[in-house]
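Please look over the sequence and the model before reading on. The paragraphs below go through the charges, the overall fold and the cysteines in turn.

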Amino acid sequence: MALEIVLITGMSGSGKSVALRALEDAGYYCVDNLPPELLSLFVTLEPKNHGNKVAIAMDVRSATSLPQLPQSLERLRNQGVVIHCIFLDATTDTLIRRFSETRRRHPLSNDALKEGSRALMQAIELERELLADLREQSHVIDTSTIRSSQLQGYVKTFISPTPGQLSLVFQSFAFKRGIPVDADYVFDVRMLPNPHYEPELRELTGLDEPVANYLRQQPEVALMRSHIQQFLEHWLDFLAQNHRSYVTVAIGCTGGQHRSVYLVERLAETFGHRWTTLRRHRELDAK
């Protein structure tokens with residue numbers, strides 16, 4: 001069986017330790033902060049010691065050697081190693097709040113906390129620049145508004161699909177809580193009829209049949225579903241040909257409870273006949 005590596009990278013304070021714990025629970029041998037220049041040697045030695053499922057965290061603490069990482073990953077893929085790349089991200093405001101709450105020092109700014117949020121913000125933006133190439137090649141998970149348990153679930157779901165196949169991630173969200181930064185495509189469905197204004201449906205969600213039946217009867221909802229479906233059907237083959245592993249489609253409504261949830265479920269059903277599909281309901285999963 002081929003060696004499988006899950007590479008966890010991303011912004012400092014975005015949850016890499018949480019992701020590693022999830023992978024450890026899933027049976028992966030986990031290594032934190034492996035220097036990129038040791039990756040090839042590690043791959044040569046590690047299967048003999050801990051099997052063929054390994055998770056490695058790398059981040060800006062290895063800033064000087066990060067530029068060589070994409071080439072190292074490509075060489076390993078050519079040798080038959082299966083590599084999943086996960087990039088954990090969060091908004092700058094969220095990262096600043098987390099560093100302020102924990103009083104941790106950002107690895108790129110020894111005096112950031114002493115000098116205040118402006119210095120910390122500069123360190124975070126520098127980190128974004130240094131990690132930009134890795135982010136481009138990875139599946140991005142936005143941890144800004146999700147709990148640790150949600151992140152662990154997302155990571156475990158990520159490693160399940162068949163390697164080498166494009167997977168679709170359909171995600172519902174509430175615009176009032178912000179647009180997910182990990183989305184490749186965002187569709188706004190706030191103009192559709194809202195079950196929130198139907199007293200008997202208000203406390204239900206798009207997962208419940210009464211809400212689904214209500215939305216199923218709305219011509220505008222069917223038209224929106226058709227337009228999103230046509231767009232994805234047209235472009236997914238091109239994305240797959242471009243060696244994309246994951247495409248995240250975010251669908252947002254006002255509260256992330258009814259319309260977006262319903263459409264995520266229907267679209268996942270439709271595309272699940274051909275593509276590997278994952279479903280996330282950001283606001284419902286947080287409950």
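For counting charges, Lys and Arg are taken as positive and Asp and Glu as negative, while His and the chain ends are left out. In this predicted model, the chain has 32 positive and 34 negative charges, and the mean positions of the two sets lie 3 Å apart.

The chain contains 11 helices and 9 strands. Its radius of gyration is 20 Å, close to the 19 Å that the globule rule gives for 287 residues, so the chain is as compact as a globular protein of that length. The C-alpha trace spans about 60 × 50 × 30 Å along its principal axes.

How much of the chain is buried? Of the 287 residues, 49% are buried. The exposed surface of the chain comes to about 14,000 Å², with carbon and sulfur atoms supplying 48% of it. Among contacts with a separation of 6 or more, 78% are between residues 24 or more positions apart.

The cysteines come last. A disulfide is a covalent bond between the sulfur atoms of two cysteines. Here a disulfide is counted where two cysteine sulfur atoms are within 2.5 Å, and by this rule the chain has 0 disulfides. Why does Cys30 form no such bond? The closest cysteine sulfur to that of Cys30 belongs to Cys85 and is 15 Å away, too far for a bond. Taken from the other side, the closest cysteine sulfur to that of Cys85 is in Cys30, again at 15 Å and too far. Cys30 is partly exposed, with 21% relative accessibility, whereas Cys85 is buried, with a relative accessible area of 7%.

Definitions and conventions:
Residues numbered from 1 in each chain as written. Predicted model: local features only at pLDDT ≥ 70, side-chain atom pairs only at ≥ 80, totals over all residues. Heavy atoms only, no water. Helix = DSSP H or I, 4+ residues; strand = E, 2+ residues; numbered from the N terminus. Rg over C-alpha atoms; globule rule 2.2 N^0.38 Å. Buried < 20%, exposed > 50% of the residue type's maximum accessible area, 1.4 Å probe, protein only. Contact = heavy atoms within 4.5 Å. Areas by Shrake-Rupley, 256 points an atom, 1.4 Å probe, with all protein chains shown as cover. Charge placed at Lys NZ, Arg CZ, Asp CG, Glu CD.
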